[in-house]
Amino acid sequence: MLIFYILLLFILIAAIIAVETKDLLSSVICIGAIGFGASIMFLFLRAPDIAITQIVVEVLGLIILIRATIRRDLTFISGDREFFGTVVSIVIIFTIGVAGLGLAVFQNLQDFGNPIFANVPDAASQEYISQGLAKTGAENLVASIILDFRAYDTLGETTVLFTTIIGALVILRREGRKTLEGPDQ
Amino acid sequence: MSMPLPLFVAIPLVTAFLMPIIGGFGRKGKGTATVLANAATICLLVFAVASVGRTDVYLMGKWSIPLGINLVLDGLSSLMLLAIGVVSAAAMLFGVRYMQQYTARAKYLSLFMLMVAGMNGVVLSGDIFNLFVFLEIASLASYALVGFGCEHEELEASFKYMVLGTIGSLFVLFGIALVYGNTGTLNMAYISRAIQQSGVNAGLSFALALFIVGFGLKAAMVPFHAWLPDAHPSAPAPISAMLSGVLIKTLGVYALSRIVFNVFGISETVGWLLVVLALSSMVIGALLAIGQWDLKRLMAYSSISQVGYVMLGIGIGGLILGRAGPDIDSEHLAWASLAILGGLFHLINHSVYKSLLFLTSGSVQMSTGTREMREMGGLAQKMPLTRATCTVASAAIVGIPPFSGFWSKLILVIASVQAHLYWVAAIILLVSLCTLIMYLKVQRHVFLGELPENLQNVKENTGCMVAAMVFLACLCVLMGLLLVPSLREMVLTPAVEVLTNGVGYSTQIIEQAGIGN
Amino acid sequence: MLYALCFLLFMIGLYSAVVKKNMVKIVIGIMIMEYAVNLFLIMLGYRLGGKAPIVGEEDMAGAGGQVSDLFLNTSVDPLPQALVLTTIVICLGSLALMISICIRVHEKYGTFDITEIRRLKG
Amino acid sequence: MKGMTIIVKTIAGWVKILIFMFGIYVVLFGDITPGGGFAGGVILASSYILLMLAFGRESVEKNLPQALALKLLCCGVLAFAAIALSGLFFGADGFFWNYIYQEWLAGKDVEFLKAGIIPLAELAIGLAVAMSLFLVILNLSSFRSDISANEKE
């Protein structure tokens, strides 16, 4: 139990530093710290698939972020936007609301370490655990879920990746409009 | 024989995946890609028309729910599929000519099809996490499309849209996590059943609040509207038509009403919340629109106001339903149905005429090279077809009797009077007046008045663009026919029944899925 | 309590995304929100002293892929793990797209300061 | 920028093979061990990114041109969609129906393709993910170097 508190506190501190530090590069590195903390936490939470994926994604994400920040001038812009009306006030109301609700929101959840699926008679997860191997032939139950029971989600996930790649290629192309053929000709 | 529902998603997806390959073969490849994409959208439209009046539950991978994911086709889904089909076919046709001024056509087509696939997936999904995944596909494609021109304003708008949109998505995701933590399932029918059994606790109501904020951000309802007036004008015209016409309704209004009505069950508080959000959207959107001089920006603000109408109808219906509780008498049920009918009818009307308005604005922009209304004028003689279609659409959106907008607004007024909300009826009329003012302004400054010097040799656009506009204009005129009883029974009434049925959704789906096994 | 700390992480991300004026900070805020949701989902499925949801040799009970009762009662919930796998990919995708937009905006405007990027009125 | 020093280049040349093999291992055994198509795909992509950092962008682009990478990406996602759609034809109207396992392999003791469509889908996803991330990083980095070239002029 204690290990989760320690890791989560580590993540929270890293998050606060990442948000508040002036130097962009150090805040990007703090993001890396959050990612690796999260990855260790996934490992302790018995999710090795997620831990592996989180680590490799973290490495790539850091490369992408560092690409964006390094060697750009004016990386020291800090401070807050002026309160632009509604959005900020909504956030404040939201925070106050949550503080007012206290922990009531999370009190109805099962206690930590006692997952909901064990207490719901017809939860899908029980079926996955007891029948997953027999019904799909995959020992890794997570693989059996993402590629068989809920493969449609994974199709969506791959499509998301495809979308962002095409989107990034579109955004990063040299010329948006054709220069030769103006609209008037 | 049941319809292969996955094809609604699979056809646009496969088309989108093929586009970069085909587009790699030079000019000829691009032509083929364009034809293929048009064929795909028309095919989807035909499928959507064929799906009207059916109900179906499709089990993915033959796994019974809640093990697998199910697709649900009911009245509301087929109404949305119809709207998506009509608008995407028209916008795609319009884009054939219009998008020639941009580079990277194949990627545009790919993103367009991905957006359509995402919206179809959202509409058909019966699983809450799956709904989120497809919502992300549609949103990510739209972020990229808003920045398609790669100019200063477009990138800025795209960034703003992307930040707010992603925050909205994450709110929805957190809500889904809370729902999973409380009910132990992701299937919407099973969630609904679990909520009925255990009642709504603090965690679930917080999840509901998160859903309202998240989907409200997608629907650009008023406290969350900041991105829309930037994003919609910045996109290329066919994309603006898609965004204003169907995207905000599918990702926002449809998803919200599905969650609020069918999963959580409507209550009076939520009904009031929806009505207040809707009224503020209507009023603020309309007031801000009047002051605009940018043609597309005016239309974007008007979209905010019009989505308010849609939410108002649904909200009043929910209010009546929530007040009466589960044992509602037939009279109240009739009023609630009338209000929801008005909202949904306005939804489909608005998707047709607002996309038409954006297409005409694209046509004007393509011919004149500007969107600033003060630099235009007198285009009526030069561009007669654009002018005619724009007038039809304006008349429809303002609500001049024979056109479709009039009927939906009339129904909304009657419904709000029946619900004893007289001030709401007054606001509807007032906002209609504002709408009239802004579209008179469009007519006055764009099509009437003096023709400026630099626009003397403006030419009317031809071919595909005009065909798309005329198609939508005809629909605008004919839409009123949807209220003829036999058509209404087929298209609108099943959709209304889905919402008035409320949490009865769960037993129905579980039963149908059981038969499907 | 752990759940509430997760939500605190979510709020820190939201604060950064809404209030900061540096575009990269906004992106970082959104990433923090994503981590918070992922952690929250995985925590929901954790079982004290649980096992990873991978069926090993010792967990089999007879042929035909039946698993032992011990495994049934100690395995953690595999479903949130599948969901998080999907959300991680979605987050990586949106990060890539967001950073591309940031880089492009930086090229056009020469700054990451969102308050100076104000071509669009209101 | 023509890459880094000779030490880095030599080590990267050796390490890339290991990373590549590891990536393929993770992709292929996703149904038995932790990992899978996505994690493996990212590892494959990172082997190319290591090459890009060590040898410079041009040499990598010679190895795997962008147009080819885009086509391979499309092939990957199309293959996944085809696996999904094939269920419609082989299994009587079942999108994503795991027909290979359910109809042919269930209960049998086989070594290869034990879990039906799952390993096939892992392969398709691995290809798509590797290519897409490779493309993103390549484009992001090339965009930056183009700008700095412009600024120098």
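**Exercise 1. The shared core**

Task: Find which residues have the most contacts inside the largest nonpolar core, and work out where this core lies in relation to the domains of chain A.

Solution.
Step 1. In this predicted model, the largest nonpolar core counts 388 residues. Those with the most contacts inside it are B:Cys476, C:Ile32 and D:Ala128.
Step 2. Helix H4 (residues 78-109) of chain C provides the largest share of this core, with 19 residues.
Step 3. Now turn to chain A. Domain 1 (1-72) and domain 2 (118-175) of chain A both contribute residues, so the core lies between them.
Step 4. Take C:Ile32 as an example and leave out residues up to four places away in sequence. On the chain A side, C:Ile32 touches A:Ala15, A:Ala18 and A:Ile34. Within chain C, its partners are C:Leu9, C:Ile12, C:Gly13 and C:Ser16.

**Exercise 2. Two interfaces**

Task: How many residues of chain A are in contact with chain C, and which helix of chain A gives the most?

Solution.
Step 1. Chain A brings 74 residues into contact with 74 residues of chain C.
Step 2. Several helices of chain A supply at least two residues each, among them helix H1 (2-20), helix H2 (24-44) and helix H3 (48-69). H3(A) gives the most, with twelve residues.
Step 3. Sort that side of chain A by residue type, and you get 49 nonpolar, 16 polar and nine charged residues.

Task: Now do the same for the side of chain B that touches chain A: which element gives the most?

Solution.
Step 1. Here 45 residues of chain B meet 41 residues of chain A.
Step 2. The elements of chain B that give two or more residues are helix H1 (7-23), helix H4 (105-124), helix H5 (128-146), helix H6 (152-183) and helix H8 (202-219).
Step 3. H5(B) gives the most, with ten residues.
Step 4. By type, this side of chain B divides into 26 nonpolar, 16 polar and three charged residues.

**Exercise 3. The build of chain B**

Task: Does the radius of gyration of chain B agree or disagree with that of a compact globule?

Solution.
Step 1. Chain B has 517 residues, and a compact globule with that many would have a radius of gyration near 24 Å.
Step 2. The value for chain B is 22 Å, which agrees.
Step 3. Add some detail to the picture. The C-alpha trace of chain B spans about 70 × 55 × 45 Å along its principal axes, and its secondary structure comes to 21 helices and two strands.
Step 4. Buried residues make up 68% of chain B. Among its contacts with a separation of 6 or more, 81% involve residues 24 or more positions apart.

**Exercise 4. Two loop residues**

Task: B:Cys150 and B:His420 each have a positive phi. Decide whether each one is buried or exposed.

Solution.
Step 1. As background, most residues other than glycine have a negative phi. That makes these two worth a look.
Step 2. B:Cys150 has a phi near 60° and sits in the loop between H5 and H6 of chain B. The cut-off for buried is 20 or more other C-beta atoms within 10 Å. B:Cys150 has 22, so it is buried.
Step 3. B:His420 has a phi of about 60° and lies in the loop between helix H16 (404-418) and helix H17 (422-447) of chain B. A residue is exposed at 12 or fewer such neighbours. B:His420 has 9, so it counts as exposed.

**Exercise 5. Chain D and confidence**

Task: Describe chain D, place D:Leu140 in it, and find where the pLDDT stays under 50.

Solution.
Step 1. Chain D has six helices and zero strands, and 46% of its 153 residues are buried.
Step 2. D:Leu140 belongs to helix H6 (residues 117-152) of chain D. With 19 other C-beta atoms within 10 Å, D:Leu140 is partly exposed.
Step 3. Apart from its neighbours within four places in sequence, D:Leu140 is in contact with A:Ile64, A:Arg67, C:Ile99, C:Ser100 and C:Ile103.
Step 4. Chain D averages a pLDDT of 78, and 80% of its residues score at least 70. The pLDDT stays under 50 over residues 148-153 of chain D, where the model has zero contacts beyond four places in sequence.
Step 5. Where pLDDT is low, the predicted coordinates should not be read in detail.
Step 6. For chain B, the mean pLDDT is 87. For the complex, the predictor gives an ipTM of 0.92 and a pTM of 0.92.

Definitions and conventions:
Residues numbered from 1 in each chain as written. Chains lettered and ligands numbered in written order. Predicted model: local features only at pLDDT ≥ 70, side-chain atom pairs only at ≥ 80, totals over all residues. Helix = DSSP H or I, 4+ residues; strand = E, 2+ residues; numbered from the N terminus. Rg over C-alpha atoms; globule rule 2.2 N^0.38 Å. Contact = placed C-beta atoms within 7 Å. Nonpolar A, V, L, I, M, F, W, Y, C, P; charged D, E, K, R; others polar. pLDDT = per-residue confidence, 0-100. Core = buried A, V, L, I, M, F, W, Y, C linked by C-beta atoms within 7 Å. Domains from an automatic or database assignment.
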